[in-house]
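Thanks, everyone; I would like to walk through a few places in this model, starting with an enclosed space and then moving outward to some helices and single residues. Please keep the structure open while I talk.

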Amino acid sequence: MADVPPAQPSGEDAPRDGLIPEEARAKFGRRPFGLYVHVPFCTVRCGYCDFNTYTAEELGSTPGASRSTYAEAAIAEIRFARHVLGDRDVPIETIFFGGGTPTLLPAADLGAIVAAAAGEFSLAENVEITTEANPDSVALWDLENLRQTGFNRISIGMQSSVDHVLRVLDRTHDPLRVPAAVEWARQAGFDDISLDLIYGTPGESLQDWEASLESALSCNPDHVSAYSLIVEDGTALARRVRRGELPMPEGDDLADKYELADERLGKDGLEWYEVSNWARGPQHRCRHNNLYWTGADWWGIGPGAHSHVGGVRWWNVKHPSAYADRMAAGESPAHGREVLSPQDQRIERIMLELRLAEGLPVTALDRSGRAQVARLVDEGLVVLRSERLVLTRRGRLLADAVVRDLT
């Protein structure tokens, strides 16, 4: 039985015409603007994954759910976005293709989506265009074609270099494929290469994690993301843990692995700039993710994708067939939305900006939040730099608790 994707967020029904409140539309262009393109297709569903993804077996012959027609539907939504947002000249700063496995689509299809975005909105002169990729979904010629269509950043899903860890995660790639993929990306002309890692997989030892870090660093990446595994309800991994087949990761183990990552990555010249992200200098930070962390605007293209413009957030219908039907009918693909109150926006700002190396301005806190600052400094969780709160390494490990105290 296929894993059931998580339920849609709660919120009001989104209007079929897709229009957003005029107040939000008037704010469009005041902040940087990006596109997220969700490609929901995977060869295999990984046991830990609760993203909105589908294998060919799960989709079967469902009308509108074909990889071959996906680019057409995504381009239709880009044109729909132009209609909703009006004709204000706001160039796209970043485009991020995530999934799923975007590189299961031909480079020509991905390039056509980029070209449509450029035609409707225009691209900033220094636009960042990223695709995620599994190591076994790309070869040198694929990467050369992607580079020729405008992609300039790639994020490779390494996760681990240890065979038994990859098996628990249901990752099917050969660990030796990772350095090969990085080398091919360099040959193709990518000078911004990121590796994604996961720590805390059931059965992973500290030595296993250290081996994965060393393997990643031997590739000389420009950027590393390292995320603690979360065992999500409804996934195959959660069922295995619940049956006692696998142990739940322990908090102390996760903390030890985070500290090891921060030490080892920092020693190699990768500086932390967000709790789970490290880069070789500011020029290699992921600018698209920074849109999310700083409350900027983005439009999410594709099934289940989320968008945010001017304090309004909405999310698309989840199934590729339902999404394609909406686009073919010229209707909004949005399923639901919420209009964020000033209080909502303030709390989200604290939650997200506090994760950044630049920290959070103290002025973003209300009176009760400011009253907690001295205690948090005394406890070694934050430091004050130029009237900004910056998490210490210990504070990064307890970031959720710090946010609760400040909000």
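The lining of the largest cavity is made of nine nonpolar residues, two polar ones and one charged one, where Ala, Val, Leu, Ile, Met, Phe, Trp, Tyr, Cys and Pro are taken as nonpolar, Asp, Glu, Lys and Arg as charged, and the others, Gly among them, as polar. Those lining residues are Ala14, Pro15, Gly18, Leu19, Ile20, Phe80, Trp299, Trp314, Ser332, Pro333, Ala334 and Arg337, and the volume they surround comes to about 70 Å³. On a 1 Å grid over the protein atoms alone, a cavity is a set of points where a 1.4 Å probe fits but cannot get out, a pocket is an open set with protein on both sides within 12 Å along at least five of seven lines, and a lining residue has an atom within 4 Å of a point. The points are joined across faces, edges and corners, and the volume is the space filled by probe spheres set on them. With a threshold of 30 Å³ or more, the structure holds two cavities.

Before going on, I should say that this is a predicted model, in which local features need pLDDT of at least 70 and side-chain atom pairs count only at pLDDT 80 or more, while totals for chains, interfaces and linings use all residues. Residues are numbered from 1 along each chain as its sequence is written, and side-chain values use heavy atoms, with hydrogens and water left out.

Phe80, from that cavity lining, also appears among the buried residues of helix H3, and that brings me to the helix itself. Helices (H or I, at least four residues) and strands (E, at least two) are DSSP runs, numbered from the N terminus. H3 has 16 residues and reaches 23 Å from its first C-alpha to its last, close to the 22 Å expected at 1.5 Å a residue, the expected span being 1.5 Å times one less than the number of residues. How many of the residues of H3 are buried? The count is 12 of the 16, so H3 is largely enclosed by the rest of the structure; here buried means under 20% relative accessible area, exposed means over 50%, and partly exposed lies in between, with a 1.4 Å probe and protein chains only. The buried set includes Glu77 and Arg82 alongside residues such as Ile75, Ile78 and Val84. After the helix comes glycine 86, with a positive phi near 85°.

H3 also contributes to the second largest pocket, since helix H3 (70-85) and helix H12 (320-328) are the elements that give two or more residues to its lining. The second largest pocket has a volume of about 220 Å³. Of its 18 lining residues, Thr69, Glu72, Ala73, Ala324 and Met327 are the closest to its centre, with H3 and H12 each giving two or more residues to that lining. By class, the lining divides into 12 nonpolar, three polar and three charged residues.

Arg82 leads us on to helix H4, where glutamate 120 has its place. The C-alpha atoms of glutamate 120 and arginine 82 are separated by 6.4 Å, although the two residues are 38 apart along the chain. Leaving aside residues up to four places away in sequence, glutamate 120 touches Ile78, Arg79 and Arg82, contact meaning heavy atoms within 4.5 Å. With a relative accessible area of 27%, glutamate 120 is partly exposed.

Now some backbone geometry. In the loop between H4 and strand E4 (123-133) we find serine 122, which has a positive phi of about 80° although it is not a glycine; at 28% relative accessibility, serine 122 counts as partly exposed. Glutamine 159, in strand E5 (residues 153-159), is likewise not a glycine and has a positive phi of about 65°, but at 8% relative accessibility glutamine 159 counts as buried. The peptide bond from glycine 99 to glycine 100 is cis, with omega near 15°, and glycine 100 is in the loop between strand E3 (92-99) and helix H4 (107-121).

Leucine 229 sits in the loop between strand E7 (223-228) and helix H9 (236-242), and at 7% relative accessibility leucine 229 counts as buried. Not counting residues up to four places away in sequence, leucine 229 touches Tyr48, Leu169, Ile198, Tyr199, Gly200, Thr201, Pro202 and Leu237.

Let me finish with helix H17 (residues 399-406), whose buried residues are Ala399, Val402, Val403 and Leu406. These cover an arc of only 100° around the axis, which puts them on the same side of H17, the arc being that of the directions from the helix axis to the C-beta atoms. Which exposed residues does the face of H17 turned away from its buried side carry? They are Asp400 and Arg404. The buried residues of H17 pack against helix H13 (342-353), helix H14 (367-370), helix H15 (373-378), strand E15 (382-385), strand E16 (388-391) and helix H16 (393-397).
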